[in-house]
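Hello,

Here is the structure I promised to pass on to you. Please have a look at it first, and then read my notes below.

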Amino acid sequence: MSDNQNTLSEFLLAFLKDKPQYSGLKEVIISIGEGTKNVNQQVQQGAIVDALGTTGDTNIQGEIVQKLDKLSSDTFVNVLSKTEKVAVIGCEEIERPVIAGTSENHSYIVLMDPLDGSSNIDVAVSIGSIFGIWKRNSLENVDEATLLRPGNEQVAAVYIVYGSSTVLVTAIDKSVQGFTLDSTTNIFMHTHKDIVIPQECPYYSTNEGNFEDLEPNTKEVVLSLRNSYSLRYVGSLVADFHRNLLKGGVFLYPGDVKRPEGRLRLMYEANPLGFVVEQAGGMATTGKERILDIIPEQLHQRTPLILGNTDVIKKIVATMNN
Ligand code: AHM
Ligand code: MG
C-alpha cells in the first residue's frame, strides 16, 4: 500500500479502479462514511445536544426507539439515497423497504442496522452501525422481494464502531480494511490494513443471563467455553464482533427454548458481519447452517448467530449437533 492511499476515499479509488463490476460502490461506501460523521458527532455530544433517551415510539421489532436510532436511520437513508446508486434500502427501524430509485444507475441494495447496541446509547458504551450491500439486477423490479437475497450474494459489507475511537471496517473482494476517524480533520484514515482474524481465541462473548433457557447441547457448549476462554460481552454486537475480529474470539447468540429463532436479525446484522468474518478467515453459522446460505423470507427475520474463530466454531457445531 503506497503512502498516497491513506484515506478511505483514496483506498477505495485505488482498490476498485480495475474492478468494473463494483462500479458505483465507492460512492455508496463514501456516503456511509459521510453519514457516520454526522452520527458520530451526535454520539460524542450525547446529552449536550439532546441525543439521548427515547422518541416515545416503538419500532417493527416491538422495541422502544431511541432518539439516536431515529437520527441514524434518517441520516443513512438520506446519504444513501443522494448517491443515486442505491435502489432500495432495508432498515431495522423501518417496517417496509425504502425505494430510493429505479433507474439503471440505481444498482445497489443496502440493508442496515443504523444504530446497533441501542441499550448502550445512554450510558456511553460502544455502539455501532452495520451495512450489507448487494448488487441489483437492473432488469428486476424494485420492491420488497428485491431485498430478500442470501448473504452469499453480498458484494460488500461495512460496519462502524463508535467506541474509544470511531472505526469503519470494509469487506470487499476478500479484503477486510479498517479506517479510523481522525477527530482533528474528520477524515477516515487507513489504519488497519488487511485484517485477518487471529488463530488464537482468547475470548468468548455471549449473554450468560440466558444460560438456563438454552437447549442441553448449547449449555454444554457454553460450559466448555467458560472453562477455556475469558468472557467479554459488551451487549453491542458490533463492539463484541470488532474485538473478537481483532483480538480473536467467538460470539454466540444462539436460539433457546424461549426464542428458538434467536434474537439477532439475519439481513442487517448476521449477513453483513458473517460476510466480514468469512473474508477475514473466520466462520458464521446458525449452528446448523452457514449464515450466508440462508434463503431469507422476511426483511426483519431473526436467526441464531455464532461467529468468529473457525476452529472453535467447528467444535461448537459438533457439540450442538451431537
Ligand atoms: P439493537 O440492534 O436493537 O441494538 O439490538 C441488537 C443488540 C446487539 O447489538 C447485541 O448483541 C444484542 O442486542 C444484545 O442483546 P441482549 O441484551 O439480549 O444480550
Ligand atoms: Mg443491532
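**Pockets, sheets and domains**

The largest pocket holds about 400 Å³ of space. Please keep in mind that this is a predicted model. Of the 25 residues lining that pocket, Gly117, Ser118, Ser119, Gly235 and Arg263 are the closest to its centre. By class, the lining of the largest pocket splits into seven nonpolar, eight polar and 10 charged residues.

Which elements build that lining? At least two residues each come from β2 (64-66), β5, α6, β13 (249-253) and β14 (264-265). The largest share, three residues, is supplied by β5.

The domains come into this as well. The domain assignment of the chain gives domain 1 (8-192) and domain 2 (203-320), and each of them contributes at least three residues to the lining of the largest pocket. The C-alpha centres of domain 1 and domain 2 are 22 Å apart. Across the boundary, 49 residues of domain 1 are in contact with 33 residues of domain 2.

Now to the sheets. One is an open sheet of eight strands with mixed pairing, in the order β4-β3-β5-β6-β7-β8-β9-β10. Its edge strands are β4 (94-99) and β10 (187-192), each of which pairs on one side only. On average, and ignoring direction, neighbouring strands in this sheet are turned by 20° against each other. At the β10 end, strand β9 (residues 175-182) runs antiparallel to β10 and is joined to β10 by five bridges. If you would like a residue pair to look at there, Leu181 has Phe188 in β10 as its bridge partner.

Two helices lie across these strands. Helix α6 (residues 237-247) crosses β5 (108-116), β6 (127-135), β7 (154-162), β8 (166-172) and β10, at about 105° to β7. Helix α7 (residues 266-279) lies across β3 (86-91), β5, β6, β7, β8 and β9, and runs at about 100° to β7.

There is also an open sheet of five strands, again with mixed pairing, ordered β12-β11-β13-β17-β15. Why do β12 (230-231) and β15 (283-285) each have one side without a neighbour in the sheet? They stand at the edges with a single partner strand each, so nothing in the sheet lies beside the other side. Helix α6 packs on this sheet too, where it touches β11, β13 and β17 (305-308), and its direction makes about 160° with that of β11. Strand β11 (residues 203-205) is parallel to β12, with two bridges between them, and Tyr203 is found opposite Ser230 in β12. Helix α8 (residues 310-320) lies across β13, β15 and β17, at about 150° to β17.

Two other spaces may interest you. The second largest pocket has a volume of about 270 Å³. Its lining has 14 residues, and those nearest its centre are Thr218, Gly255, Thr286, Lys288 and Met320. By class, that lining contains four nonpolar, six polar and four charged residues.

The other is a cavity: the count of cavities of 30 Å³ or more comes to one. The largest cavity has a volume of about 80 Å³, and the residues lining it include Thr206, Phe211, Leu252, Tyr253 and Asp256. Six nonpolar, four polar and two charged residues make up the lining of this cavity. Gly255 appears there as well, and also among the residues nearest the centre of the second largest pocket.

Best wishes

How values were computed
Residues are numbered from 1 along each chain as its sequence is written. Chains are lettered from A and ligands numbered from 1 in the order in which they are written. This is a predicted model: local features need pLDDT of at least 70, side-chain atom pairs count only at pLDDT 80 or more; totals for chains, interfaces and linings use all residues. Side-chain values use heavy atoms; hydrogens and water are left out. Two strands pair if DSSP finds at least two bridges between them. Helices (H or I, at least four residues) and strands (E, at least two) are DSSP runs, numbered from the N terminus. Axes are lines fitted to C-alpha atoms, for helices over the stretch in contact, and angles run from 0 to 180 degrees between N-to-C directions. Contact means heavy atoms within 4.5 Å. On a 1 Å grid over the protein atoms alone, a cavity is a set of points where a 1.4 Å probe fits but cannot get out, and a pocket is an open set with protein on both sides within 12 Å along at least five of seven lines; lining residues have an atom within 4 Å of a point. Grid points are joined across faces, edges and corners, and a volume is the space filled by probe spheres set on the points. Ala, Val, Leu, Ile, Met, Phe, Trp, Tyr, Cys and Pro count as nonpolar, Asp, Glu, Lys and Arg as charged, and the others, Gly among them, as polar. Domain bounds come from an automatic or database domain assignment.
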